[in-house]
Amino acid sequence: MRKSFLAENPSVLWFLACLGLFTLGVTLLAEATGAGVISTSFVKTLGKVLCLCLVAIAMDVVWGYCGILSLGHFAFFGIGGYAVGMWLMYARTETIVTQNLAERTIPATATEINDAIATQIFGVVGSSEFPLIWAFSHSLFLQLLLVVLVPGLLALIFGWLAFRSRVTGVYLSILTQAMTLALALYLFQNDSGLRGNNGLSGLQNIPGFEAVPQSMISMAFFWASALALALGYVLFARVLSGKMGSVIRAIRDDEARVRFLGYHVESYKLFVFTLTAIIAGIAGALYYPQAGIINPAEIAPIASIYLAVWVAIGGRGRLYGAVIGTAFVSLLSSWFTGGGAPNVNLGFYTIQWTEWWLVLLGFSFVAVTLFFPGGIGMIFDRLKKDAL
Amino acid sequence: MIRILSMVLALLCLPLTAHAQELQSLLQENQKVVAKPSRKTVGPVLDALVASGLPTAPQFLESWQNKDVYSRKEDGLFFYGAKADGGIALTDVDTGDVVSTVDAKAVKQIKPNGGVRKEIASALVQFQLSDPDIARRSSAVNAIARNMTGAMLAPLLGSIENEPDAALKARKEQLANYLNARFGDDSAARVAAIESMSDDLSVEGRAVLSQILESELVSFEGDAEGNIAEKLTVGEDITRNAAYELLVEQQSLTPQISENELRLALEANVEGGKVADIPVAQLADLSKREQAYDSLAAAGAVPTRVTDTMVTEALETYQFSRVYLEDDADVTSAAAEAQREVQTNVAVNQFFDLSLDAISLASIYFLAAVGLAITFGVMGVINMAHGEFIMMGAYTGYVVQQFVPNYTASLIVAIPLAFMVTFAAGVAMERLVIRWLYNRPLETLLATFGISIALQQLAKNIFGTQARPLTSPGWLDGAWIINDVVQISYIRIAIFVLALLFLGLLLFILKKTRLGLEVRAVTQNPRMASSMGINPDKIKMMTFGLGSGIAGIAGVAIGLFAKVTSEMGSDYIVQSFMTVVVGGVGNVWGTLAGAAMIGTFQKGVEWLNPSNTLAAQTYMILFIILFIQFRPKGIIALKGRAAGD
Amino acid sequence: MSTLLELSGVSVSFDGFKAINNLAFQIGEPEMRAIIGPNGAGKTTFMDIITGKTKPDEGRVLWGEKSINLIGKSESMIAREGIGRKFQKPTVFEDQTVRENLAMALKNPRGPFEVLFYRKSAEGAARIEALAEEINLTEQLTRKAGELSHGQKQWLEIGMLLAQDPRLLLVDEPAAGMTPAEREKTTEILVEAAKSRAVVVVEHDMEFVRRLNCKVTVLHEGSVLAEGSIDHVTQDPEVIDVYLGR
């Protein structure tokens, strides 16, 4: 059955082939595993972009296919990051603390170790005790479970409330934005239990792999991100194929009509919303160990809107469009803001791209919405049509 | 007390002419004390000086305090001294004549220490209370208020009768009442004074009551003694540890050893990898550590450990009470009663104050959201750049202030200018972007968001990232103070008035003018409207401009009390949308209701958890999400076909 | 012929305006029924109430042999009970092919997971072919619905209704904007459908109603004004009053 699914969707195979080639190319050129043309930090950037692509295809499914413009998917992404970050921070601090305490004449008791870890982690917010939400932080398995469960449950509850009361369109967008804002504001508090605006840091150090050089760790995360993107792509392509895809797109186009066909529209929306939230959480869990730090500012509503911008520029309603848009805009953005772009001297004024990039992005986004609603993905559609 | 009172009265009755040499001789009687004053000895001298009623006494006290008094070494006489050419110029303390200038070595400067200077100052206050200069009198009263002592009661009472200034007299009476409540001799008089304070909301009065009610924790071996405020039960009113620490302090029991101290003691006694025959490796366990310590204690190497059982026994032996420092039970119970009444009163007033706060917050939300109520509510166009229009308005105000230095004038210029600037921006945006996207609300949302990003960054590029001030004119400074609890700043009142004005103006425009009629016609049925000769394009453009222009004025108002930054718009955008959605779309009254509800709710949460405005916002948003469950169309919902679902 | 759907004492008002006023209505199975009435008579609201889109202020809507109360049930539940509805404006999913449109409407389990793991079957395909035949769209199966002509969209929508295999069909102005030939075909499809199920047709066009040759209910100001054969109601003086708007 799987075979026929892939055979029916040649674009999925094309995508997997391109992604595979890209991964292979990066591997051959990277510092750790190949020619050394690509620096470790760039491997990290590429790995992060792959994670962003994963959350972008989730966004595309929920918005481009199901018509729900969610401004909350980056919040789910952040939650995934926090969930895995808690374990990383706990385990690493535990290693350090145990080492420090080992220098004492008398071995430390479990309480002493625990207190020392708590002081180490929560000292910045003036606390020395573990908040309740850190109950599972000692266990990688449980925290990974939370990566899936927390975004999933949050999306399920929020979606159930919102869809049940038939909130649609821009109202739903604003409501999701409000949810995101509420979460970000909550995390900004020092007593949120997640270190307030300090966030979680040092996540690039993977406990148990201290001996492995960062270049190799980055490579491993790059591979993992590529694999996750591939699996996510296949998963979504599978969900969107056949009758399920038919119903999901029908809901986007005329929700009331689908209802009169006997489909319980709310369940479908909830399914899509929750599934994409879970994938967003997984993407975040892969992203933040590469970024090294997560703080509440990452979750702020603006991040979710950027996500929508990427998908829109790439061309929504096409999974590969979301990937292309995200890769294109986020790489371009880091090129501009990183000072890579040469300044433009107009004689009376010098345009510094670090300052003007957002102005450019904002206006080009308006232009895309007005003139190229199909985004970059439209070019591929044209090519496909010409080829036929 | 009565003695001091009579002395002061005598002092006031004395003729102002004084005999020569009187002060000097008085001082000479106490020569040693005056020359080398100490806190313990200075009292009687001060009493004598006050009792003498000499008009020269205050000046002497002041100079003494300021270290301006010198004693001549040869005869021990006192003079006022001032540094002059060739030494110290000496002035006679009685006549005020300059006597001579002597070498600095011939005299000795008298330097009273801090404690003595305080005593002198309080003696001085008694003179100052009746000083002819009102500034000195009121500063003396303030000095008493800052540092209330029983000794001040009598002089204060004495100075009330002849106080010419009515306000100061009332203040003196109030202060005397406080002093009487705290330090009076007569229990009944104190109770009466305390009872009169039960409707006093001032911070000072409340402090007096709580000072009377000051208490300490005391442990008793037998029955509790003294003026007991409350008996404490260990485990309920006081924790075990705190109770035991109290015993350690008051009954000299052996303190418990902390886990850290226990570890250090063990570390100090490691011998050959073992502590008291227990291998070190096993000591990663608290009970093993205690066992090792006890063995060490048995061997006499460390003091015996206070075990939990011992603590329990000790706690059972002793009783714990909170005891008033004030011995008089009548006074404390009257004070407790008065405090209860005051607290109730304060709570009522705080509620009132909070309501004012809530109204003021609601006004701000209303101002921020009312522009949206038009563009989003009436036209159904979602404008994510609305917050940036608010920001543009605020920056317009800032720029105007750079050119017009008079704050009132600049405000008068800024408000219409801000309207024009944002009106133009709104019209431009409608023409260039939004009109291509009617009926595609999600695209409108995204496109206007793109504009919002660009505008924010533009503002950053132009004005920099730091906050810019938008100074309010002087007549908006300060606050309307109703009592010690309730007060509201004029600027908030102004914003409230502005919000009301906007409400009236908008209702007028929408209900009574041609434009309003056409707007309603276009939003309800554009095709019909255009067939009746209304140009829907023009109407939409004007409406959008109007909504944006109002955002600009709101920006000036918000800028007056909040910081003007490029990001200020995004602080308001979500709340503004919430206000419109909660209130009910398409209805200015709905926006008012939404703003009122959100403002009240947020202030309510802040009241429950005052330290945390972030939490208040979080809960507010959660509340809104839930609220929309029950009233998806907002507080004031349009029904039926007009709702257009 | 047993009673399939019964409305009694149903009223609903919007902001004081009574759209439906103490309405009583019955239909059996199988039966064809035409509903006529001037604008604002409450025809669309009547359908909204049956399909669960609008909740009446009072009254009962009873369905089937077990007389299940439909009030308070969601649109999708009512649809699954066996009530299909065709809207005035043809609403098909223009972005999808005719086959996909029909496949979505086929009577199959409607839960998300059942749909996710739905496998195409030979019976399903055969049923789609048969339906396409019936609505004259065999040639267009692989075309996007958006590319169809207006009349074809109407048929496709009727075809989707038939694919649901409902016991009651509510059809709102099926002949609007059709060529005479298309009308003929539409009449055929409806008459055929009414042989095995209840069909309610709301129509303005008297000629079309006459051709359906069935019992007619006249709605006016939210309640039933007259009921009977087309000749009977058109001779009713009250009906004439209403239609001529005296």
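A charge is said to sit over a ring if NZ of Lys or CZ of Arg is within 6 Å of the ring centre and within 35 degrees of the ring normal. The exercises below concern a predicted model.

**Exercise 1. Charges over rings**

Determine which ring B:R492 lies over, and at what distance from the ring centre; then do likewise for the charged end of C:R85.

*Solution.* Start with chain B, where B:R492 lies over the face of B:F561, at 5.8 Å from the ring centre. Turn next to C:R85, whose charged end sits over the ring of A:F260, 5.4 Å from the centre of that ring.

**Exercise 2. The contact between chains C and A**

Work out how many residues of chain C and of chain A are in contact, and which three residues of chain C supply more than any other three of the area it buries against chain A.

*Solution.* On the side of chain C there are 33 residues in contact, and they meet 25 residues of chain A. The area buried between the two chains is about 2700 Å², with carbon and sulfur atoms giving 61% of it. Within the share that chain C buries against chain A, 22% is supplied by C:F93, C:M104 and C:L116, more than by any other three residues.

**Exercise 3. An aromatic pair in chain A**

Classify the ring pair of A:Y287 and A:Y288, and decide whether these residues are buried or exposed.

*Solution.* The centres are 4.9 Å apart and the planes stand at 75°; since planes over 60 degrees apart count as edge-to-face, the pair A:Y287 and A:Y288 is edge-to-face. Both A:Y287 and A:Y288 are buried. Ring pairs also link these two tyrosines with A:F74 and A:F77 into a cluster.

**Exercise 4. The four-stranded sheet of chain C**

Give the strand order of the open four-stranded sheet in chain C, explain why one side of β2 and of β5 is left without a neighbour in the sheet, and place helix α1 of chain C.

*Solution.* The order is β2-β1-β4-β5, with antiparallel pairing. In chain C, β2 (17-29) and β5 (68-69) stand at the edges and have a single partner strand each, so one side of each lacks a neighbour in the sheet. Strand β1 of chain C (residues 2-14) is joined to β2(C) by nine bridges, and C:E6 stands opposite C:Q26 in β2(C). Finally, helix α1 of chain C (residues 43-51) lies across β1, β2 and β4 (58-63) of that chain, running at about 115° to β1(C).

Methods: Residues are numbered from 1 along each chain as its sequence is written. Chains are lettered from A and ligands numbered from 1 in the order in which they are written. This is a predicted model: local features need pLDDT of at least 70, side-chain atom pairs count only at pLDDT 80 or more; totals for chains, interfaces and linings use all residues. Side-chain values use heavy atoms; hydrogens and water are left out. Rings of Phe, Tyr and Trp (its six-membered ring) pair if their centres lie within 6.5 Å; planes under 30 degrees apart count as stacked, over 60 as edge-to-face and the rest as tilted. Buried means under 20% relative accessible area, exposed over 50%, partly exposed in between (1.4 Å probe, protein chains only). Contact means heavy atoms within 4.5 Å. Buried area is the accessible area (1.4 Å probe) that two parts lose on being put together, summed over both. Two strands pair if DSSP finds at least two bridges between them. Helices (H or I, at least four residues) and strands (E, at least two) are DSSP runs, numbered from the N terminus. Axes are lines fitted to C-alpha atoms, for helices over the stretch in contact, and angles run from 0 to 180 degrees between N-to-C directions.
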